[in-house]
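Me: Please take a close look at a single part of this structure. Keep the sentences short, and explain the terms as you go.

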Amino acid sequence: MPIAVVLILLVVGSLVFHVLSPWTFTPLASNWSQIDDTINITFWVTGFVFVAVNLFMAYAVIKYRAREGNKATYDPENKKLETWLTILTSVGVAAMLTPGLFVWGDFVNVPDDAMEIEAVGQQWHWTYRLPGADGQFGNVKAELIDNENPFGMDPEDPLGRDDVLVENGEVHLPINVPVKVNLRSKDVLHDFAVAQMRVKMDLVPGMETYLWFTPTKLGSFEVLCEELCGIAHHTMRGSIVVDNQADFDAWVASYPTYADTQNEVVGNAQAGAAQYAVCAACHGQQGEGLQALNAPKIAGQEGWYLRRQLNSYKAGRRGVHEDDIFGRQMAPMAATLANDQAVENVIAHIQTFPDNPSPTTIDGDVMAGQKIYNVCAYCHGGDAQGIQAINAPRMAGMTDWYLANQLKNFRSGVRGAHPQDFYGKQMGFMGRNLQTDQQIYDVIAYIGTL
Amino acid sequence: MAYVSIADRDHEAEHHDPDTFITKYVWSQDHKVIAIQYGVIAILIGLVGMLLSSAFRLQLGFPDVFSFINPENYYQFVTIHGMIMVIYLLTALFLGGFGNYLIPLQLGARDMVFPFMNMLSVWVYALSVIILVASFFVPGGATGAGWTLYPPHAISPGTPGTDWGIVLMLLSLGVFIVAFTMGGLNYVTTVLQARCKGMTLMRMPLSVWGIFMATILGLLAFPALLVSAIMMLFDKLLGTSFFMPAMIQAGVATDTVGGSPVLFQHLFWFFGHPEVYIVALPAFGLVSDLLSTHARKNIFGYRMMVWAIIAIGGLSFIVWAHHMYVSGMNPYFGFFFATTTLIIAVPTALKVYNWVLTLWQGNIHLRVPMLFAIGFIFTFTHGGLTGLFLGNVTIDLPLSDTYFVVAHFHMVMGVSPVLVVFGAIYHWYPKMTGRMYNETLGKWHFWLTFLGTYSLYLPMHYIGFLGVPRRYFAMGNTDFMPDSAITLNASMTISALIIAATQTLFIYNMIVSLKKGEKSGGNPWKSTSLEWQTPDTPPKHGNWGHSLPEVHRWAYDYSVPGQAEDFTPQTVPESEVPVGRDHGTEH
Amino acid sequence: MYITLIFLGIIMATVITWLLRQTFNTQPWISEAADNEVSGSSMDTNSKAVALTVFLAVATSIFALFISAYTIRMDEPDWRPLAEPTLLWTNTFMLILASVAYHWTRNAAVKGLDSRVKSGLTVSGAFTVLFLVGQVVAWQQLNAAGYYLDLNPANAFFYLLTAIHGLHMLGGLWVWARSTMKVWTGADSDSVRLSIELCTVYWHFLLLVWIVLFGMLLST
């Protein structure tokens, strides 16, 4: 008897939950309202069956519960009833399936006027490529991919010269223009998913997949990887920014074409010496760092990482959080580097410094730290040497107190909270897993032994 | 195939009671002992799987509060939890456990046809479990590739356990398949060849039908897992490129080219989808018997139930790619697989209708097994209906890989079969031990498990609607996820912990009732099927004493009109109690 | 996956048709006198024969899946067919002889001709061993010719398929060894008749599988 009451309560409760729940579809921002419609049809059909079957069952349990002297009816089957139920069920199924298939037909066939972009996935980042003025993508090959050519562009293919390369997790799209997103993976399976757009598709290494949608709302929408791709799967984030056409054009123009990246600015170490004079006040003549001034060692750090951080400071992606006292000191310093040439020069100069390991200033349990470092090693490498392809910098031999400060900053969101700082965001995820300061000291003590 | 006609079944009657402890409980060839061995191992490893889920649920409900769980072991726990529950718990328990126990007893056989192979089966299964558990203790730990083990990430750097973990995982699966095949050959052959006199196929209880069809599916589908496991082992250990395309590993290009990750997915789901029914069909069968017995009424539409089992079994081989709508396979396949998938809903729905109609005009005794059976109908209806969302290719676009999927399959092939497992264990416990379980503890167990799981999985669907992806160690600040969803996640974790704790009631009940339970007698439920008519309870080795039973009617003669008793065992001849020939509604 | 679907389709269709034939036109709640007399055995044959048939269905499923995987993987551009050694023709011939010899032994066993069974078993075993040795030699030839396993999926499939087929053959040889031991230690042919009959079926099956595999390897 209680079971019948509970069944009724559960049915009613589920319906109430469904109606009142604040957790429902994220507001749609694309043309795919048909998908939502299909879901609503399915809700009505399945909801009816759910209520009918369970209420009927509850009623039967109440009405035919065991009582003294009662006897069940002998009732092997009822062909007529079973036939009717089969027909009704088939009708319900057809009602759900038919619109589904029509919408799928729309999804499979991309409109002719769709613009194309390419989203490239790798462990654990998104980058994008636009076809440029000619509207056609150049050839890419997996075997050409390396640190200098992260997209694997084929230098022989003239179509690729004007391809716009966006080495950044954020891509802009014009509003109300259908866009076909070609999907390509450099390493393992990924999945390109934007909840507000409703569509998703896997990225499969060795082949190209696609999806399409028409953005209908201005704003920024998060891109998530939704196919398990390794230990940092949950940190693989990107974003889509829907602009009006003018803003979109301006954004495209701010990114280099493949041809541009071929004429890269080359740093001049001697010229960099003059620019480094400003840095030397804190970071030391040889980039060895000075704890008293909270300046980390930069000698021996890889150029790509220095470049990214300098540019982040310059662009206001780093050193803007109000609690980031030292970062806020660095930001105006980075701003003194007027252009890319200056940045490259100073990096080239830093590369000439001798690389002596920083002294140990932090005590920790090396054994405990080694266990924690297991997770770090996936990106930063077993020897904390850093892996450029995964965007993970070197930590071995660098300033340990600085690592500790940064881990605390990542953990508290002082660093990595800027919406465009996708690399910092990743470290934020990882930093939050180190709950106590002691864990931070332990892992840094272990890194000190590498 | 008429090349042999030796009537070998008489020879099989020579069963001697083994006398030493070892031959009686360890190297036993008695199907009932083997069934219990299967059951105990499966439940033990299932408890491990449950603890793993509690651990990662802590991280999901209270992100970064519990320091013992980090991204590495989170993904390992998620992976091994899934693997254990689907294969090492449910498949083994339904087929190895209930299959072994019920097939010979319900069919009036003395034992399985090949008892020695049956014994090998359980010990090879134990070996596979040991290998699985061992993978936690090798360098690099267990695999964290997700239970689907998709390449390339399952065997390339960046995923936990790609050194030894994945090798042991694949090895363990291979060993499991060997164990299953040995068991499966036995179950099929026993059903076909060793039934007692008068036991036509259409007089078999639905339990046997479900287990029989599931075994056929398993025998034909597990090879797909075996094939993909072997090919992946080659890729991992010998450097081949069956599944490995040209790709970058930690910044370095591999020398593999051309391999097809989608091919693996096809093979995997060619096994994986029938696997759903390998778990579901036995549950369908067992629950039918539970409902009929405790409602004191014949199962409604027996023939439809049998045909539905057969139809579902057949259809289950042509729906596999509905797991792959967004995998990058040819999108035109979506039309075909969405259609077949939704067609399979029809026979499944008919089964639900017939269960409910069995209750109609019954005389329903709400004892613990019945509560679990009713709970099953509710959760299965819920889980089955959400399957109609995911099977419809269009709706899969927003919902695939979100928590909606997790909620759906836990409801339909996690909670539902497990409720049947519990109900069936309570139902047959008196036969297995000769004693009754504790009814009060059993009811507590039911209520906490049933309500706990619903409060865990109902909200989870809605997290999926939001768009929250599965297999995320942490969500962080995501623009579409409101703070309230984090609170909801915490409440789901609390439910999960309550469910986990509740299972101690079950274990306690099972162990204590062995000694302290009331004596049950041979047929406490007044049931008609053969296992309740054995001369001894628990049945002795050989089951039937001197002579095999003879069957004169189907297994569902409950409340036959004109009879004083509301059940007529299958062994009662027609001359004593006429069957309900004129009383059916079949005109 | 079409090939697998065809194979499994045939198997499932057989199973389902058979089951439906057993279940149609019955009203199980009505006790038929005829039903009461049913022996409870669905096949008029030994249980081991039934089990073997089921196992052959399992093995068919395994090979069909490998063949499906082969045909799908073959379409990728990196596929470089390998030159099958001519030795494989000899091996095929050996396996045919083994199969024929087993059939001859079976006929002898049915007639109860003990000595013929003895020699027949020996001959069929010898040809089978020759086949397996020949396969291993073929591997060595391929390896020597530079067709390494990890060089190309075509090579990998060759080694894999022959290995899986060889493993099935070894399993058969184990049963063969048991009956041969029995016969040579003086048991009469009746005691091994069933085993020989089933092995004959198994050998024919593996011959058929090999011919299909060999044909596929040659033609691609």
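Reply: Here is a helix pair, followed by the chain contact that one of its helices joins.

This is a predicted model: local features need pLDDT of at least 70, side-chain atom pairs count only at pLDDT 80 or more, and totals for chains, interfaces and linings use all residues. Residues are numbered from 1 along each chain as its sequence is written, while chains are lettered from A and ligands numbered from 1 in the order in which they are written.

Take helix 7 (residues 261-294) and helix 11 (residues 368-391) of chain B. Helices are DSSP runs of H or I with at least four residues, numbered from the N terminus. The two axes come within 9 Å and cross at roughly 125°. Axes are lines fitted to C-alpha atoms over the stretch in contact, and angles run from 0 to 180 degrees between N-to-C directions. That angle makes helix 7 of chain B oblique to helix 11 of chain B. Oblique is what remains once angles under 35 degrees (roughly parallel), over 145 (roughly antiparallel) and 65 to 115 (roughly perpendicular) are taken out.

Which residues make the contact? Helix 7 of chain B brings Val287(B), Leu290(B), Leu291(B) and His294(B). Helix 11 of chain B brings Pro369(B), Met370(B), Ala373(B) and Phe376(B). Contact means C-beta atoms, placed from the backbone, within 7 Å. By class, seven of these residues are nonpolar, one is polar and none is charged. Nonpolar covers Ala, Val, Leu, Ile, Met, Phe, Trp, Tyr, Cys and Pro; charged covers Asp, Glu, Lys and Arg; the others, Gly among them, are polar.

Now the chain contact. In chain B, 109 residues are in contact with 100 residues of chain A. Helix 11 of chain B gives the largest share of chain B's side, nine residues. That side has 62 nonpolar, 37 polar and ten charged residues.

Definitions and conventions: Helices (H or I, at least four residues) and strands (E, at least two) are DSSP runs, numbered from the N terminus. Two residues are in contact if their C-beta atoms, placed from the backbone, lie within 7 Å.
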